[in-house]
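Q: Please take one part of the model shown below and examine it closely. How is it packed, and what surrounds it?

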Amino acid sequence: MTNKTIQTLNDKAWARWTALGLLAFAMFCSYIFMDILSPIKDLLQSTRGWDSTAFGTMQGSETFLNVFIFFLIFAGIILDKMGVRFTALLSGVVMLIGATINWYALTDAFIGSGLDVWFTNHLNYIPVFDELGISPFYEGMPASAKFSAVGFMIFGCGVEMAGITVSRGIVKWFKGREMALAMGSEMALARLGVATCMIFSPMFAELGGEISVARSVAFGVVLLMIALIMFVVYFFMDKKLDEQTHAEEEKDEPFQIKDLGKILTSSGFWIVALLCVLYYSAIFPFQKYAVNMLQCNLTFVEPDSFWASDTVTVLQYVIMIVVALAAFASNFSKKSVMKYGLMLVAIAALAVYCYMGYKRQSASAIFAVFPLLAVGITPILGKYVDYKGKAASMLVIGSLLLIASCFTTGVTITWVLGGVAVVCLILGCVFQFRNHPMTARMRRKNS
């Protein structure tokens with residue numbers, strides 16, 4: 001008798017990449033909503049009375065429940081106990097609920113409502129959190145900003161839960177295969193979401209000549225509905241995979257309190273955690289305020305100019321998609337001529353995009369180059385890690401590039417010092433990795 005190997009869904013390239021596409025597109029939609037207000041900060045000030053403090057406080061509320069109420073830890077426990085499918089659906093629902101609250105806070109219907117009055121008179125002082133300077137509210141904060149912060153906090157719980165769930169899902173489908181490329185591709189599509197919101201959020205807010213910030217947020221809410229549908233489709237694909245392997249959905253060992261002790265006493269954990277804190281502290285605040293910073297230093301084209309039209313906005317986005325698709329497809333081209341040809345197409349399209357951004361003098365379109373470059377580069381780096389390794393070296397190079405970018409954008413010395421700290425932590429992380437027993441075993445195996 002001959003033993004026949006049963007081919008499961010994750011053995012088929014089209015199936016696992018379809019599963020990745022569903023998860024990645026859901027994250028694409030969530031990243032759009034995460035930064036949907038960043039390119040229209042000036043409109044929030046003129047139409048809703050949000051100054052920079054109100055805007056920053058509201059945007060910072062996204063992480064409040066995850067960090068200070070430890071929701072992200074609970075999300076990890078839920079993922080361990082309930083599995084990828086349940087947690088993916090839960091995160092999609094939570095994101096949608098938070099986004100809907102955020103949208104309502106910016107509609108005209110909110111103005112003068114009972115909620116408007118309540119939030120004006122309450123949540124002006126939060127004990128302990130106020131003293132520590134980490135409260136998501138403050139006295140004098142516009143009611144719409146307070147209620148929007150509540151929605152953004154809920155959305156933040158969902159999006160961070162989705163982030164760890166998607167990573168777990170990728171591991172499940174790509175374990176033993178092109179995992180780093182898959183993760184790089186997922187992150188690339190998510191970054192394309194940031195670039196997309198930079199292009200379309202101002203366009204929707206000013207559509208038809210009537211300014212409405214709620215219209216931009218509604219665009220994000222619709223996309224989150226689509227994200228939830230993506231998670232539903234993924235649910236059935238993942239269930240089919242488990243049926244083929246005759247196994248229950250993959251779950252970790254039961255959570256125990258002592259597990260937290262093991263994590264918190266690990267030096268490697270603290271090095272990586274502090275690295276992430278410093279890195280995100282440099283990137284995310286800049287991402288929220290960058291468009292408005294550029295707006296203060298640009299001379300805008302006339303509103304009736306061809307370069308200011310919605311047609312150019314859509315055309316520029318089409319070129320952006322060409323950059324993303326060409327760069328992404330180059331990773332899967334086996335022939336050198338096709339591979340480098342696609343890369344040249346991506347570079348040429350990027351040059352055209354940058355030229356159009358210069359002609360438009362659009363702050364949001366110019367800033368979109370930042371995530372757009374990530375779209376092209378991230379899958380390439382992921383593929384390199386799959387075949388060559390050198391992940392630690394990439395971390396060092398990336399941190400050096402971060403410091404260089406801080407200098408070129410004229411950011412304060414605090415940002416530069418933060419970048420230096422990132423480098424120090426990365427070097428420590430590299431040292432830990434090189435001296436880890438598992439690394440030594442890998443070296444002996446490869447030799």
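The part chosen is helix 8 (residues 143–174), and the answer below treats its partners in turn.

A: This is a predicted model, in which local features require pLDDT of at least 70 and side-chain atom pairs count only at pLDDT 80 or more, while totals for chains, interfaces and linings use all residues. Residues are numbered from 1 along each chain as its sequence is written, and side-chain values use heavy atoms, with hydrogens and water left out.

The setting comes first. The chain holds 19 helices and 0 strands; these elements are DSSP runs, numbered from the N terminus, with helices (H or I) of at least four residues and strands (E) of at least two. Of its 447 residues, 44% count as buried, where buried means under 20% relative accessible area, exposed over 50% and partly exposed in between (1.4 Å probe, protein chains only). A contact is defined by heavy atoms within 4.5 Å. Among contacts in the chain between residues at least 6 apart in sequence, 80% join residues at least 24 apart.

Two packed helices are described by the angle between their axes and the distance between the axes. Here the axes are lines fitted to C-alpha atoms, for helices over the stretch in contact, and angles run from 0 to 180 degrees between N-to-C directions. The axes of helix 8 and helix 1 (residues 13–34) come within 10 Å and cross at roughly 160°. Helix 1 is therefore roughly antiparallel to helix 8; angles over 145 degrees count as roughly antiparallel, under 35 as roughly parallel, 65 to 115 as roughly perpendicular and the rest as oblique. Their crossing is left-handed, a term for a near helix turned anticlockwise from the far one by less than a right angle, with right-handed used if it is turned clockwise.

On the helix 8 side, this contact involves Phe 152, Phe 155, Val 159, Ala 162, Gly 163, Val 166, Gly 169, Ile 170, Trp 173 and Phe 174. They meet residues of helix 1 that include Trp 17, Leu 20, Leu 23, Met 27, Ser 30, Phe 33 and Met 34. By class, the contact has 16 nonpolar, 3 polar and 1 charged residues. In that scheme Ala, Val, Leu, Ile, Met, Phe, Trp, Tyr, Cys and Pro count as nonpolar, Asp, Glu, Lys and Arg as charged, and the others, Gly among them, as polar.

Within helix 8, Val 159 merits a separate view. Val 159 is buried, with a relative accessible area of 3%. Beyond its neighbours within four places in sequence, Val 159 is in contact with Met 27, Ser 30, Met 34, Glu 62 and Met 95. Its C-alpha lies 8.4 Å in space from that of Tyr 31, although 128 residues separate the two in sequence.

Glu 62 belongs to the loop between helix 3 (52–60) and helix 4 (64–68). Glu 62 is buried too, at a relative accessible area of 8%. Sequence neighbours within four places aside, Glu 62 touches Met 34, Phe 152, Met 153, Gly 156, Val 159 and Glu 160.

A further partner of helix 8 is helix 10 (residues 213–244), with the axes 13 Å apart and an angle of about 30°. These two helices are therefore roughly parallel to each other, and their crossing is left-handed. Helix 8 supplies Phe 155, Ala 162, Val 166, Gly 169, Lys 172 and Trp 173, which face Leu 224, Phe 231, Tyr 234, Met 237, Asp 238, Leu 241 and Asp 242 of helix 10. By class, this contact has 9 nonpolar, 1 polar and 3 charged residues. Also in helix 10 is Lys 239, which is partly exposed at 35% relative accessibility. Lys 239 and Arg 85 are 154 residues apart in sequence, yet their C-alpha atoms are 7.9 Å apart.

Finally, Trp 173 leads to the nonpolar core, a set of buried Ala, Val, Leu, Ile, Met, Phe, Trp, Tyr and Cys residues joined through side-chain atoms within 4.5 Å. The largest such core has 89 residues, and Trp 173 is listed with Phe 33, Leu 37, Trp 50, Met 320 and Tyr 353 as touching the most other members. Helix 1 gives the most to this core, with 14 residues. Another core lies apart from it and has 6 residues, including Ile 101, Phe 110, Phe 119 and Ala 143.
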